[in-house]
Amino acid sequence: MPTFESIQRPERWAVPFSPEMTDADVDRLLTIEPFASLDPTRFRGKVTLRGILKNDTRLVRCQAGDIVVRQGDWGNSAFLVISGNVRVELGSAASLPSEILGRQSVPRKSLFQSIAQLWKKSSEPEVRDVAAYRDDPRIGTRGTGEQTRIYLQDVSTVLSKYKTATIEAGQFFGESAALGRTPRQATVFAERSTQLLEIRWQGLRDLMRRDDGLQKHIDTVFRDRALKWFLLNTPIFSHLGSEDINELVAQATFETHGQYDWAGSFKRLAKEGIDTDLQHEPLIAEEGNHPNGVVIVRSGLARLSRRHEHGHRTTGYLTPGQIYGLDEIIDGWLGKTPKPLTSSLRAIGIANVVTIPTRLIEKLLLEKADRRNLLGRGSSPTDPLANRPKIDTTRINSDFVEFLVENRYVNGTATMLIDMDRCTRCDDCVRACADTHDNNPRFLRRGPIQNNIMVAHACMHCEDPVCMIECPTGAIHRQTEGGQVVINDQTCIGCSACANNCLYNAIRMVEVRHQDGDFIRDDQKHAPIVKATKCDLCSDQLGGPACQRACPHDALIRMDMRDVKQLTDWYTR
Amino acid sequence: MNTLAARRTRNLGMTVVAALLILWLSDVMTTALQDTSRMSGWGLLAMIGFLAAYNLRKKLALLPLGSSASWLQLHIYIALLTAVVFGVHLNWKMPNGLVESILALLYLLVFASGVVGLFLSRSLAKRLTTRGEEVLFERIPVYRKRIQAEVEAIVFSGLEESESTAVAQFYADRLREFFLQTRNFWQHLVQSNRFRFGLLKEMQAYGRYLDESERAMMTRLVTCVEAKDDLDYQFSLQATLKYWLFIHVPLTYALLVFAALHLLLVSAFSGGVS
């Protein structure tokens with residue numbers, strides 16, 4: 001009889017959100033709203049209300065001034081105020097400065113500062129100024145390790161100076177970002193001693209499914225705040241009036257496909273080899289079916305594929321804001337007979353999509369449109385239908401498209417691609433990077449190669465930056481201007497969460513040193529201080545990414561993979 | 001985005017037009033009995049100065065001085081244009097003075113090394129992707145030592161397992177030197193597989209003297225030979241791509257020094273001619 005090692009089959013709550021949640025905590029939560037009035041009979045099978053509260057939530061205690069979420073942060077959870085209250089900063093011209101939120105606002109260097117880098121370079125690697133870690137009185141931190149929290153030191157001044165609104169006990173916040181996998185839209189901080197219940201998105205999703213009130217509340221909040229704004233910014237609807245937009249908002253459906261923790265799953269799958277039948281990528285719409293509506297990707301990524309022999313050939317990919325199914329609906333409308341979908345759409349990792357029913361598209365767009373514009377022959381440069389974007393990757397070798405999608409490189413907004421047919425291996429790019437980062441290159445000129453194009457190990461500044469999700473201090477963040485993902489060296493605690501989450505080996509943990517070469521150590525255990533480092537796209541330098549500017553042979557480019565036309569033009573140049 | 005071919009056609013076209021303009025201007029000036037050598041000399045010096053500044057631009061990557069690729073395009077086409085200005089300056093004859101002859105020779109060497117460098121950059125880069133794994137130049141000695149250690153382990157394990165020394169003997173006679181350091185630099189540069197083909201044939205033929213386990217060992221050695229040969233190929237091409245500049249750049253500095261000397265002599269002995 002063959003022998004094998006067996007383990008218990010992994011189940012949903014094998015790893016709870018917080019091991020510190022006790023039964024007593026759950027009992028207490030069940031006595032407060034909205035949980036007290038939830039109907040327990042609607043929670044059948046293994047997913048019980050008690051189970052959700054025990055495994056998908058955690059209690060968070062905040063002191064006055066503690067920042068709960070920052071605008072622009074990425075998170076996978078929503079919050080319910082249990083006691084006390086929090087303040088949400090309302091969007092206005094005067095918003096909280098990045099520095100007091102623990103972020104680094106790095107201005108571009110002046111010409112003289114740029115030149116001064118020539119003689120200010122350190123001879124030792126990863127040199128830091130210790131005073132910069134000690135002396136910034138604007139940043140307050142509490143707690144240690146993953147519990148570290150940035151706090152506002154003078155709450156009363158903040159309240160008087162900036163426009164805020166109160167979120168009282170019993171109210172939710174952060175649900176749109178958690179469910180939509182989009183950045184937090186506002187900064188929230190505790191006004192006084194406050195207890196919050198943090199609910200990870202899976203738990204929130206299950207609570208919504210089983211409670212109509214909660215579902216309705218979150219649905220209303222989402223449609224009012226996020227969906228309307230999103231549709232207004234979608235080019236094909238940008239010309240519609242407010243009545244039409246409201247009709248779209250009312251009838252649009254919003255779905256999430258794939259796994260929130262897709263990065264972790266991808267790492268596991270990558271070890272198993274190629275997924276030729278794409279079974280790990282949830283199907284959003286299938287080739288050959290009638291288009292029920294136009295699908296718009298709100299966040300995440302999706303693969304377009306066509307059946308080919310016994311597999312699926314990738315024909316393109318969709319990034320946020322891009323549209324699927326419109327051409328088939330237009331063809332059907334023009335030909336008066338329904339046209340089936342010409343390709344399948346699958347979530348790569350995770351994709352949040354908004355679907356607008358076919359009937360509504362016909363009513364709001366097609367019935368009012370010029371036939372020539374629908375055929376793509378219209379002369380109007382402003383007509384959104386005449387100028388609807390085409391996802392055309394036919395000029396790129398299909399192997400290369402498969403490679404980019406398979407390895408999730410399409411996630412990058414500044415993916416470093418190197419044309420190895422033109423690269424002379426001179427390393428001018430690496431030297432330029434080191435020159436602009438105090439002698440520390442922030443990428444490796446190594447990486448997988450396909451069709452003689454290398455995807456180097458450099459931060460891609462992802463559309464969906466999984467590195468940001470678990471950062472306890474928000475040190476790794478997206479810059480408001482430019483959108484680069486950068487690390488605030490001052491608030492990075494060296495926990496490695498970002499480096500572990502990054503799929504592309506683009507973040508390196510380094511031990512930092514004094515000018516004289518000695519390691520900077522913590523005052524208790526005397527262990528070297530570790531910081532996360534990565535490409536910052538030379539956001540503080542004049543002239544943009546030094547690597548690209550330094551390449552003499554036009555071999556290296558920082559490619560925004562959302563721009564399929566740019567990618568195609570570069571690939572076929 | 002323009003295709004590279006379109007860019008090449010455009011830049012070449014502009015260079016040809018500029019060259020024709022220079023020739024026409026020179027012809028007009030000569031017809032008008034004006035001296036072209038002063039103007040062409042200053043022009044040539046300015047152009048060479050600009051070409052030499054490219055090296056400085058490379059070292060100042062942190063300044064917003066335009067992309068290196070744009071500089072290289074200017075470098076290539078202005079360098080081509082200097083050939084015309086050089087011809088005009090010398091009135092299409094070789095000079096007879098010592099300093100001028102050295103200067104002219106230096107110019108020709110710099111020009112030729114630049115053309116060779118351009119050819120190497122465009123052709124060797126492509127060839128690097130056709131053989132072996134992508135390796136960093138500085139890491140090649142490490143990989144070579146790793147392969148050498150693996151080969152020695154195979155040979156020594158063979159000695160321990162078998163009484164025959166056939167494989168070890170073959171290694172000592174034919175392979176040891178090959179694995180010891182980088183080999184066949186020039187052969188790889190001209191893309192000759194003669195050595196590799198010959199050695200592999202020899203190893204195959206030697207199989208008739210080996211038993212089964214030794215033949216298995218030989219098969220593993222064949223893989224190592226191929227890996228080492230690919231590494232040598234990478235070394236040969238990458239080293240050429242790196243080191244041609246060690247000819248081009250020093251020659252440029254020498255050219256600048258002699259050009260300054262030439263300027264000094266011309267100014268000193270011009271006799272006050274305006």
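Q: What radius of gyration does chain B have, and what would a compact globule of 274 residues have?
A: The radius of gyration is taken over C-alpha atoms, and the globule rule is 2.2 Å times the number of residues to the power 0.38. For a compact globule of 274 residues, that gives a value near 19 Å, but chain B has 27 Å. The C-alpha trace of chain B spans about 90 × 45 × 35 Å along its principal axes.

Q: What kind of model is this, and how is it numbered?
A: The model is predicted: local features need pLDDT of at least 70, side-chain atom pairs count only at pLDDT 80 or more, and totals for chains, interfaces and linings use all residues. Residues are numbered from 1 along each chain as its sequence is written, while chains are lettered from A and ligands numbered from 1 in the order in which they are written.

Q: How many helices and strands does chain B have?
A: Helices (H or I, at least four residues) and strands (E, at least two) are DSSP runs, numbered from the N terminus. Chain B has ten helices and zero strands.

Q: What share of chain B is buried?
A: A residue is buried if 20 or more other C-beta atoms lie within 10 Å of its own, exposed if 12 or fewer, and partly exposed in between; C-beta atoms are placed from the backbone. In chain B, buried residues make up 20% of the 274 residues.

Q: How many residues does each chain give to the contact?
A: Two residues are in contact if their C-beta atoms, placed from the backbone, lie within 7 Å. Chain A gives 29 residues and chain B gives 20 residues. On the side of chain A that touches chain B, the elements giving two or more residues are helices H3 (111-120), H15 (428-435), H17 (546-550) and H18 (564-571) of chain A. H15(A) gives the most, with four residues.

Q: Which domains does chain A have?
A: Domain bounds come from an automatic or database domain assignment. For chain A, the assignment gives domain 1 (23-102 + 148-211), domain 2 (252-374) and domain 3 (398-571). The centres of domain 1 and domain 3 of chain A, taken over C-alpha atoms, are 32 Å apart. Eleven residues of domain 1 of chain A are in contact with 14 residues of domain 3 of chain A.

Q: Where do the buried residues of helix H14 in chain A sit?
A: In H14(A), residues 398-406, the buried ones are Val401(A), Leu404(A) and Val405(A). The arc is that of the directions from the helix axis to the C-beta atoms. These residues cover an arc of only 95° around the axis, so they lie on the same side of H14(A). They pack against strands S13 (293-308), S14 (311-318) and S16 (344-357) of chain A. Just after H14(A), Arg408(A) takes a positive phi of about 65°.

Q: Which strands join strand S3 of chain A?
A: Two strands pair if DSSP finds at least two bridges between them. Six bridges join S3(A) to strand S10 (residues 194-200) of chain A, and the two run antiparallel. Ser77(A) has Arg200(A) as its bridge partner in S10(A). Two bridges join S3(A) to strand S8 (residues 172-173) of chain A, also antiparallel. There, Phe79(A) has Phe173(A) as its bridge partner. S3(A), residues 77-83, is mostly covered: five of its seven residues are buried.
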